[in-house]
Amino acid sequence: MENHTQDEELKAHLLTSDEHFRSLAEQHAQLKRLIEAIESKSHVTEIDELEEHRLKKLKLQIKDQMNGILCSHKHATVG
């Protein structure tokens with residue numbers, strides 16, 4: 001539990017102090033909203049499904065970048 005709290009504190013710090021991290025977080029949130037909009041449709045077309053898949057891949061790539069930044073900051077403060 002303590003590790004999760006430290007991760008959240010580091011994330012909050014990076015959101016206020018790191019422009020690149022903040023930009024990635026905003027992109028991640030926007031992609032999440034777009035995916036939710038597709039998923040909330042009453043009728044999802046094949047094109048919608050392809051777009052949803054593309055957006056989910058982009059969202060995952062951005063999350064990986066954010067996790068990389070978090071990891072590098074964790075190691076910088078520990079090491």
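Which residues touch the most other members of the largest nonpolar core? In this predicted model, the answer is L14, F21 and M66, three of the 13 residues that make up that core. If you want a place to start looking, start there.

Now see where the core residues come from. Helices α1 (2-17), α2 (19-39) and α3 (46-78) each supply at least two of them. The most generous giver is α2, with six residues.

M66 is a handy one to pick out and follow. Setting aside its neighbours within four places in sequence, M66 is in contact with F21, L24, A25 and H28. One of those partners, F21, shares with M66 and L14 the distinction of touching the most other members of the core.

Next, let's turn to the charged residues. Side chains of opposite charge can pair when their charged atoms come close. The structure holds six salt bridges, and three of them make a good tour.

Take D7 and K74. These two form a salt bridge, with their closest N and O atoms 3.0 Å apart. D7 sits in helix α1 and K74 in helix α3, so this pair ties together parts that are 67 residues apart in sequence. How accessible are the two partners? D7 has a relative accessible area of 23%, which makes it partly exposed. K74 counts as partly exposed too, at 32% relative accessibility.

The next stop is D48, which forms a salt bridge with K41; here the closest N and O atoms are 3.0 Å apart. Is D48 buried or partly exposed? At 12% relative accessibility, D48 counts as buried, because the cut-off for buried is under 20%. Its partner K41, at 40%, counts as partly exposed.

The last stop stays inside a single helix. K56 and E52 both lie in α3, four residues apart, or about one turn of the helix. They form a salt bridge whose closest N and O atoms are 3.2 Å apart. K56 counts as partly exposed, with 40% relative accessibility, while E52 counts as buried at 14%. This pair also has company: salt bridges that share partners join E39, E52 and K56 into one network.

To put the picture together, look back at the helices once more. Helices α1, α2 and α3 each put at least two residues into the core, and the D7–K74 salt bridge links α1 with α3.

Methods. Residues numbered from 1 in each chain as written. Predicted model: local features only at pLDDT ≥ 70, side-chain atom pairs only at ≥ 80, totals over all residues. Heavy atoms only, no water. Core = buried A, V, L, I, M, F, W, Y, C linked by side-chain atoms within 4.5 Å. Buried < 20%, exposed > 50% of the residue type's maximum accessible area, 1.4 Å probe, protein only. Contact = heavy atoms within 4.5 Å. Salt bridge = Lys/Arg side-chain N within 4 Å of Asp/Glu carboxyl O.
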